[in-house]
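Trainee: Got a minute to walk through this one with me? I'd like to start with the ligand site.

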Amino acid sequence: MKKSISPRPFVAAMPVVLVAVKNDENINFATHGMYGQLCNEPPLIYISVIKNHLTAKMINNANTFSINIPNSQLLEKIKFCGNVTGIEKDKSQTFDVFYGENDVPMISECPVNMNCKVYKIIDTKDMFVFIGQVVEMYSDEECLASDQVIATKVDPLLCTIQGKFFKMGIEIE
Ligand SMILES: Cc1cc2nc3c(=O)[nH]c(=O)nc-3n(C[C@H](O)[C@H](O)[C@H](O)COP(=O)(O)O)c2cc1C
């Protein structure tokens with residue numbers, strides 16, 4: 001028997017990423033689950049950011065940001081960056097950073113990093129959907145095979161809308 005429920009997007013699990021952005025000398029980090037791949041050529045990704053978050057304001061200023069894929073060892077910092085807004089507390093010392101093109105900070109502790117420039121912004125009622133073009137990418141060498149990132153070597157996290165965190169599941173085929 002089916003029950004009708006109020007319409008909202010459902011995804012079983014969202015990838016956990018850390019978004020880093022810099023305005024002048026100020027760096028902010030925030031945890032994001034609404035992240036995805038759009039196409040390969042050009043290499044486009046998206047993040048959806050609630051309009052009043054510091055991340056949204058800073059990306060609108062900088063026109064650049066980075067996507068950093070954390071591993072499960074970073075769970076406490078992931079929760080901190082996902083529960084505390086940079087409007088109220090300086091999160092800039094949470095991670096070590098290195099810089100890519102256009103002075104974009106990327107998180108050293110994260111195995112995979114993508115330096116993005118804003119390609120397009122979709123303005124929805126409560127969120128800005130930032131479509132980013134990946135202009136540079138880095139990976140820890142131990143996560144690579146033939147220059148491709150191997151997800152299981154990254155040890156990435158997934159999260160659900162209920163706020164639960166998961167490690168990647170078991171390969172079945
Ligand atoms: C697992 C997880 C996923 C999240 N995903 C998003 C997201 O996709 N978009 C968003 O706007 N906020 C998301 N948040 C909430 C923000 O990380 C949180 O509100 C943060 O304090 C915003 O920081 P800022 O104001 O410094 O940008 C998520 C939080 C957690 C813990």
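Trainee: Which strand gives the largest share of the shell around the ligand?

Mentor: That's β3, with 4 residues of the shell. Keep in mind that we're looking at a predicted model.

Trainee: Okay. Which elements each supply at least two residues there?

Mentor: Two strands and two helices: β3 (26-32), β5 (44-50), α1 (54-62) and α2 (75-83).

Trainee: And which residues come nearest to the ligand?

Mentor: Out of 20 residues around it, the nearest are Met34, Thr55, Gly82, Thr85 and Gly86.

Trainee: How does the shell split up by class?

Mentor: There are 11 polar and 9 nonpolar residues, and no charged ones.

Trainee: Let's switch to the sheet. What's the strand order?

Mentor: It's an open sheet of 7 strands, and the order reads β3-β2-β6-β9-β10-β5-β4, with antiparallel pairing.

Trainee: Why do β3 and β4 each have one side without a neighbour in the sheet?

Mentor: Because they stand at the edges, where each has a single partner strand. For β4, residues 35-39, the pairing with β5 is antiparallel and runs over 4 bridges. In that pair, Cys39 sits opposite Leu44 of β5.

Trainee: What does α1 touch on the sheet?

Mentor: Its contacts are with β2, β3, β5, β6 (64-69), β9 (112-123) and β10 (127-139). The direction of α1 makes about 50 degrees with that of β2.

Trainee: And α2, which strands does it lie across?

Mentor: β2 and β3, and α2 runs at about 105 degrees to β3.

Trainee: How many bridges join β9 to β10?

Mentor: 11, and the two run antiparallel. They form a hairpin with 3 residues between them. One facing pair there is Cys116 and Val134, the latter in β10.

Trainee: What about β6 and β9, how many bridges there?

Mentor: That antiparallel pair has 6. Ser66 stands opposite Asn115 of β9.

Trainee: Next topic, the core. How many residues does the largest nonpolar one have?

Mentor: It has 33, and Leu18, Val19, Ala20 and Ile107 make the most contacts inside it. Strand β2 (residues 17-23) gives the most to this core, 5 residues.

Trainee: What does Leu18 touch, leaving out residues up to four places away in sequence?

Mentor: A mixed set: Phe29, Thr31, Asn68, Pro70, Ile78, Cys81, Ile107 and Cys110.

Trainee: Now the odd backbone spots. Where's the cis peptide bond?

Mentor: Between Glu41 and Pro42, with omega at about 0 degrees. Pro42 is in the loop that runs between β4 and β5.

Trainee: What's phi at Asp147?

Mentor: Near 65 degrees, so a positive value in a residue other than glycine. Asp147 is placed in the loop between β11 (144-145) and β12 (148-149).

Trainee: Why does Asp147 count as exposed?

Mentor: Because it has 6 C-beta neighbours inside 10 Å, and the cut-off for exposed is 12 or fewer.

Trainee: What about phi at Asp155?

Mentor: Also a positive value, near 60 degrees. Asp155 lies in the loop between α3 (151-154) and β13 (157-159). With 16 C-beta neighbours inside 10 Å, Asp155 counts as partly exposed.

Conventions. Residues are numbered from 1 along each chain as its sequence is written. This is a predicted model: local features need pLDDT of at least 70, side-chain atom pairs count only at pLDDT 80 or more; totals for chains, interfaces and linings use all residues. A nonpolar core is a set of buried Ala, Val, Leu, Ile, Met, Phe, Trp, Tyr and Cys residues joined through C-beta atoms within 7 Å. A residue is buried if 20 or more other C-beta atoms lie within 10 Å of its own, exposed if 12 or fewer, and partly exposed in between; C-beta atoms are placed from the backbone. Two residues are in contact if their C-beta atoms, placed from the backbone, lie within 7 Å. A residue is near a molecule or strand if its C-beta atom, placed from the backbone, lies within 6 Å of it. Ala, Val, Leu, Ile, Met, Phe, Trp, Tyr, Cys and Pro count as nonpolar, Asp, Glu, Lys and Arg as charged, and the others, Gly among them, as polar. Two strands pair if DSSP finds at least two bridges between them. Axes are lines fitted to C-alpha atoms, for helices over the stretch in contact, and angles run from 0 to 180 degrees between N-to-C directions.
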